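Visitor: I'd like a close look at one part of this chain, with the surroundings filled in as you go. Take your time over it.

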Amino acid sequence: MPFSPEQYANVQGHSCLSEMAYVLSAVESQLDKTFVWTPVEQCDPLRLLEVARLNKVLSCLTRNLKYPFAETDPLFAFLDQKRLQTLSLNRRGIDEAAKLSRNLNASGIVHMHFKGPLQQTALYGDPFRKPSGDIDILVAAADRRIATEVIVGAGYEIFDASLAIWWWQFLGELHLKNAKTGLVVDLHHDVQQVGLPRPQNSGGFLERRGSIDAFGDSFDVPSAADRVIIAAISIAKALRSHEPCLSAVIDLRVAMTTLSKSDRLVLEQLSHQSGMEHTLALGLRVVEAVFSTKIPKISKNIYPFSSVSDDQLKQMIVVPWTPDLPWPRSRDFIFELSGRRIFRSGRESLRLVLSEGLRTLLEFEPRKDSPRT
């Protein structure tokens, strides 16, 4: 779900550059065991926690790091509480995902789980790295109505039903909520939202799916190459919406650096065939900007948003509330990630206009006291 202005209440008006540097060093210390760093001393405890929380990397703030705070600082109690909440929330989500998979399989619906604890399991071997309150399931477009009925039959109801047609048609997903458990299912038939170029042949994600085991159940999940594409899409979405997304950048870095040679060849072919080479190039450029580390390129001649510096791009990712950042406009995102191809960018721009028009129409409610004409 999009971030609300209230989410930034504790950081608005602050650059948080020291806190950003601290969080990035903490992350790097987990990704690279040989990394040695000197803690940033000028950190505000509350803002440090907020930067980490908003970027979903609280798990990287561990007690063995050299904090500029006393051992009795409330920061530690907060982190312990959040870890326990993540353990409970993600385990509930995995158990519910298993139940829903059994129901979908019984109805003959091909599907896979992506994002959330199962993605964390596939990437890190740990389903509890970051909290996830949603269960993301991808089905074929032709199966979306039957899949909805199956999930409703499992105790869920469509959330924000008045906008359901808009969610389906332009965002490629539908939200369903279980009133008893509070769990939310995001039922997808696409992995990209309006306003950004979509992968061609989205059905290929299901055809290439693999599987993992978690807590005694087996789940269908994206292939290794598709995990890279999905992480890059998540970064593009967040940048377009001006939302912090360091966790997605970490996912992309890990997904890329753990690819086998054969999976890398699949990714090279897939990024071109699906038309996602520019979205992937943006994601890989972000990884290098954020972590100052070199990632093998897939398309060496693509350098998206060259007018934005690496330092500015890093702030857009981690502390996007910083004022005066040179954010590209929506049409720039479409044009750049469409490979500057006029027909494709024009088609996506038209979809964006239609999307905004439909949502405005669905949200319009005539005032009861308005004069009749």
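Visitor: In which loop does Ile295 lie? Start there, please, and work outwards.

Guide: Keep in mind that this is a predicted model. Ile295 sits in the loop between helix H11 (277-291) and H12. Despite being in a loop, Ile295 counts as buried, because its relative accessibility is 6%, under the 20% cut-off. Leave out the neighbours within four places in sequence, and the contacts of Ile295 are Arg253, Met256, Thr257, Leu284, Val287 and Glu288. For a sense of the backbone here, take Arg285: it is 10 residues from Ile295 along the chain, and the two C-alpha atoms are separated by 8.4 Å.

Two of those contacts, Leu284 and Val287, lead straight to Leu252. Again setting aside neighbours within four places, Leu252 is in contact with Leu284 and Val287, and also with Val228, Ala231, Ala232, Ile235, Leu280 and Gly283. Leu252 is a good place to pause, as it is one of the residues that touch the most other members of the largest nonpolar core, along with Leu239, Leu246 and Val249. That core has 78 residues, and its largest share, 12 residues, comes from H8. A second core lies apart from it, with 26 residues, including Ile109, Leu118, Trp168 and Leu176. As background, nonpolar side chains in soluble globular proteins tend to be buried together.

Just past H8 the backbone does something worth a look. His242 belongs to the loop between H8 and helix H9 (246-257), and its phi is near 60°, a positive value in a residue other than glycine. With a relative accessible area of 32%, His242 is partly exposed.

Now go to the other end of our starting loop and step into H12. Lys314 is in that helix, and you might not expect what its accessibility says: at 17%, Lys314 counts as buried. Not counting residues up to four places away in sequence, Lys314 touches Met20, Leu24, Ala289, Val290 and Val319. From Lys314 to Ser292 it is 22 residues in sequence and 10.0 Å in space, C-alpha to C-alpha.

Follow the chain out of H12 and you come to the loop that runs to H13, where Asp324 is found. Asp324 is another non-glycine residue with a positive phi, about 70°. Asp324 is exposed, with a relative accessible area of 78%.

The loop between helix H12 (310-318) and helix H13 (330-337) also holds Trp321, which pairs with Tyr8 from the segment before helix H1 (17-31), so here the pair links distant parts of the chain, 313 residues apart. Their rings are tilted, 5.5 Å centre to centre with 45° between the planes. Both partners are tucked away: Tyr8 counts as buried at 10% relative accessibility, and Trp321 counts as buried at 7%.

There are four aromatic pairs in the count. Another of them joins Trp166 and Trp167, edge-to-face this time, with 5.3 Å between centres and 70° between planes. Trp166 is buried at 7% relative accessibility, and Trp167 is buried as well, at 11%. Rings meet charges elsewhere, too: Arg91 lies over the face of Phe215, at 3.9 Å from the ring centre, and Arg129 lies over the face of Tyr124, at 4.0 Å.

Let's finish with helix H14, residues 342-363. Its 22 residues reach 31 Å from first C-alpha to last, close to the 32 Å expected at 1.5 Å a residue. The buried residues of H14 are Arg344, Ser345, Glu348, Arg351, Leu352 and Ser355. Seen down the axis, they fall within an arc of 115°, so they line one face of the helix. In general, an α-helix has 3.6 residues a turn, so residues three or four places apart point the same way.

What do those buried residues of H14 pack against? Helix H6 (164-171), helix H8 (224-241) and H13. That brings us back to H8, the helix that gives the largest core its largest share. The face of H14 turned away from the buried side carries exposed residues: Ile342, Phe343, Leu350, Val353, Thr360 and Leu361.

Technical notes: Residues numbered from 1 in each chain as written. Predicted model: local features only at pLDDT ≥ 70, side-chain atom pairs only at ≥ 80, totals over all residues. Heavy atoms only, no water. Phe/Tyr/Trp six-rings, centres within 6.5 Å; stacked < 30°, edge-to-face > 60°. Helix = DSSP H or I, 4+ residues; strand = E, 2+ residues; numbered from the N terminus. Buried < 20%, exposed > 50% of the residue type's maximum accessible area, 1.4 Å probe, protein only. Lys NZ or Arg CZ within 6 Å of the ring centre and 35° of its normal. Expected span 1.5 Å × (residues − 1). Arc of directions from axis to C-beta. Contact = heavy atoms within 4.5 Å. Core = buried A, V, L, I, M, F, W, Y, C linked by side-chain atoms within 4.5 Å.
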